[in-house]
Structure formats: structure tokens, C-alpha cells
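User: Please take one sheet of this model and describe it closely for someone at the bench, with enough of the surroundings to place it. Keep every cut-off explicit.

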Amino acid sequence: MTSKKSRAEFPAAVKVTSAKRAAYRCGFPDCDRATTGPGASGGQSVTTGIAAHIYSATDDGPRGPGGFSFNERQGIDNAIWLCAEHASRIDKNNGVEFSASTLQAYKRMHEEKIRRERDGIGAKTGWIHSISLDQAPIFRTPAEIEFGKVTVLHGDNDSGKTALCDWLQGMSDPGTLCDWADPKRPGSLSFEVIYLDPLKQKLRVRVQSRDEVEYFVNGEPAPFDPNPIRFVRLRDLQPSRFSDRLPPMTDLEFLSRTLSVNPALVRNMMPLVGTQRTSTVAGLRLDYRQDGSIRVWTDVHGTSPGLSLQDQLSNTERCRVLIEIAAVFARYSAKRVPTVLLLDWAAKSFDNRWMSRVVEFLSTEEIPFQTIIERVTNGLGGHSMARVVTLYGSKTDVTVGPSSSL
Ligand SMILES: [Zn+2]
């Protein structure tokens, strides 16, 4: 029996802040119900919303204490503002349906939507909620993966991390789906994506052959899904099949190809890199050499200033520069269009400390987009901000676990 005293109740001020940050509207996706309004008489108002606990107020409550102290569980970071119906729904069956990272993602998305409304920015917010695989190569099906604000896809080589990125991107670009078509087995790739734009939308995709993809939007057949989600993808450059080395290219070409962005746009984005509080890269600049080549110089926090991108930075440092440029692109894109950053390259050289810093950078409130990161090596250094999805086995199983257990 839990006594009243041992519940980590929110102080009144935390409840009010939680409500105000949500504009007194329910933060559950696709609900958005007003939770305050007129009362019985002219002089009264009634508030029906609830500051719900993300991690539980008690040790044995829904989602548990998540390793957080009593005081931390009374804080604003642990509160999500919901209508009464959804506050009760997230706690059903001890909260199994709604993980803490899912609720944190809902809260972030709702607050971002409110921020945009308040600031008069007409752009929509959007979010990829989940992918359900009915038929798929590599994976043991059916399988379902829910996404957080930052999701780390964690697994061995060939466990399906890149495949998932390809399939998600296939929501709006069939080009990345068609390589997965098996001519002998039409329909061998079939999945459903639930996304919020901010209303809940269901997109079913069935790949029949290299030039035949069927889309169903909310159950209705559609020639394509006019969804507004934009993917920004950072990927490893593959050497040609005749060589194990990449062809020589200038720094600008290297950036352009890794980001799949025109060199002119890379140049336009360079001055914006390093302007964030959390940035550790600055001073990105071009140097035109007499032989006609273009070099990119940068200052990376913790190294000597003014290093050349391809020649002088370590692999880890170069990856961090690439992530920051990709994040600038995604952040700018997210001003108008819901955006997902796919960091679909093996950050093999990242140790836990760097990985934690990258996750922390991408989890901050000032980052308005969702990120999916591939990770090969083990561990996240006990980081609790990312949703960690582990893929393993010869026919891949999916498990979702708290990162602290890795
Ligand atoms: Zn609601």
C-alpha cells in the first residue's frame, strides 16, 4: 500500500507551467482538446486537464521511476499535460502501451506546435510515430518500431538499420523502396507507417516490383502519399565496386555527396553552422586554392583551430562536422516542413561519450526535428534521452529497451 506521502506529486507551480506550455490543450496526438473554459457561473472557469506523470509518481506505478529521484519526478520535465481521458489511457495496463520516450516525444511535438501557433508560424509540425512491418526481408515479421524524438537503431552490420531508413524514406520517395523489391516474390515488402501531421495518418506501402509500389492512405488506395514529411539523410559514401577507395574529390564535393545536397546549398548553409548554443563546430569556411580545388576549413571544439576537413580532422571530428551541417539543413527545413534527419551511416568511430553528446545535441528543445541514428557498436553510455531500438539475430528481431540497460 502506497501512502499519499510517498507519491512524487507535482507542486502547483509545476502543474500550471505544464498546462501553460501546452496552451491548456491535451498533448496526446490527434486530441488537442481544450482543457480549460467557462465554469457554471459568469465568474468561474473550470480546468479539466491533468499534469500526468511520464515516469511514475510511485515506485510501482506505470512506467516505474525510470531511475529518477523523487525530486526529479516532481519536476516539469516529468509532466505531460493531457485531458482526463488520455491521462487515464496512458496509465492503463501499467503504462505498457505508452513508454516514457513516447510520451516525451508527444510532449515535445505538442509544445513545438504551440510554439509555432504562438509565434505566428503557419508551418505544420509532424512526427513519425511508428512503422509496422507485415512482410519484409531481413526482419522477423510482424514487427513494430515506435520512434522518439531521437531514436538510435542499434545492431550488428546487416541487421536492417539501413533498410529501415530506406523504407521510411520511401514514404515520399519510391526510389529508396524499389531496390528492395524481390522480383520472385511480389509484395515481400509491406509495411504501415503511422505519422502525425499533426493529425494521425496511416500510410500502408506495398512494394510489388522495382517499378510498382502501392500506397494506401488511411485505408484508401492512393497514387502516392502527399505527406509533408521531408527526410534529410547523411550517408556513408560507398567506394565503387572496382576499388576499395573513394575517388578523389574536393572537400565541397565530399560534403555535397555525403549530404545529397547541391554544392551551392552546402555553401549557403555553411555560415549557419556553429550558431547554436550546443554546437561544438564553428568557423566553417572555404579556401580556394591556386590549383582550382576548394578546401573546407573548420574549428572543432577540443582541437586546434583551422583544420582541413578531409586531411586533418579525425574520422570522429569529420562525422561531427557532417552531423552539424545536416542538422542545420534539417532545422532550416523544419521551419516549414516536418523533417526527419536520418543519420544513416556507421558512426563506428564514436565512443560512448561522443555518441552521448550527439544524442544530447539532437534532443535539445531548440532542435525542431526528429532524428534516427544508426549505431553499430555497443552502448550509449547510459544515455536516457534517446529511444533505443535493438536489432539482432540472423532474421532480425526487434527489441525496444531503455538505453540504461545497454
Ligand atoms: Zn486528450
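Analyst: Helices and strands here are DSSP runs numbered from the N terminus, a helix being H or I over at least four residues and a strand being E over at least two. On that basis the protein chain holds 10 helices and 19 strands. The model is predicted, so local features are given where pLDDT is at least 70 and side-chain atom pairs count only at pLDDT 80 or more, while totals for chains, interfaces and linings use all residues. Residue numbers start from 1 along each chain as its sequence is written.

The part to look at is an open sheet of three strands in the order β13-β14-β15, with antiparallel pairing, where two strands pair if DSSP finds at least two bridges between them. The edges of this sheet are β13 (281-288) and β15 (307-308), and because each has a single partner strand, one side of each is left without a neighbour in the sheet. Between β13 and β14, the latter covering residues 294-300, there are six bridges, and the two strands run antiparallel. One position in this pairing can be found directly in the structure, since Arg285 has Trp297 of β14 as its bridge partner. In a regular strand the side chains alternate between the two faces of the sheet.

Helix α9, residues 315-333, lies across β13 and β14 and runs at about 95° to β14; the axes behind this angle are lines fitted to C-alpha atoms, for helices over the stretch in contact, with angles from 0 to 180 degrees between N-to-C directions. Contact means that the C-beta atoms of two residues, placed from the backbone, lie within 7 Å.

For the wider setting, the chain is divided into domain 1 (4-118) and domain 2 (248-327), with bounds that come from an automatic or database domain assignment. The centres of domain 1 and domain 2, taken over C-alpha atoms, are separated by 41 Å. Across the chain, 64% of the contacts with a separation of 6 or more are between residues 24 or more positions apart. The C-alpha atoms fill a box of roughly 80 × 55 × 40 Å along the principal axes.

Elsewhere in the chain, strand β8 (residues 189-196) is joined to strand β9 (residues 200-209) by eight bridges in an antiparallel arrangement, with Tyr195 partnered by Gln201 of β9 and a hairpin of three residues joining β8 to β9. Strand β9 is in turn joined by six bridges to β10 (residues 212-217), again running antiparallel; Ser209 stands opposite Glu212 in β10, and the hairpin from β9 to β10 passes through two residues.
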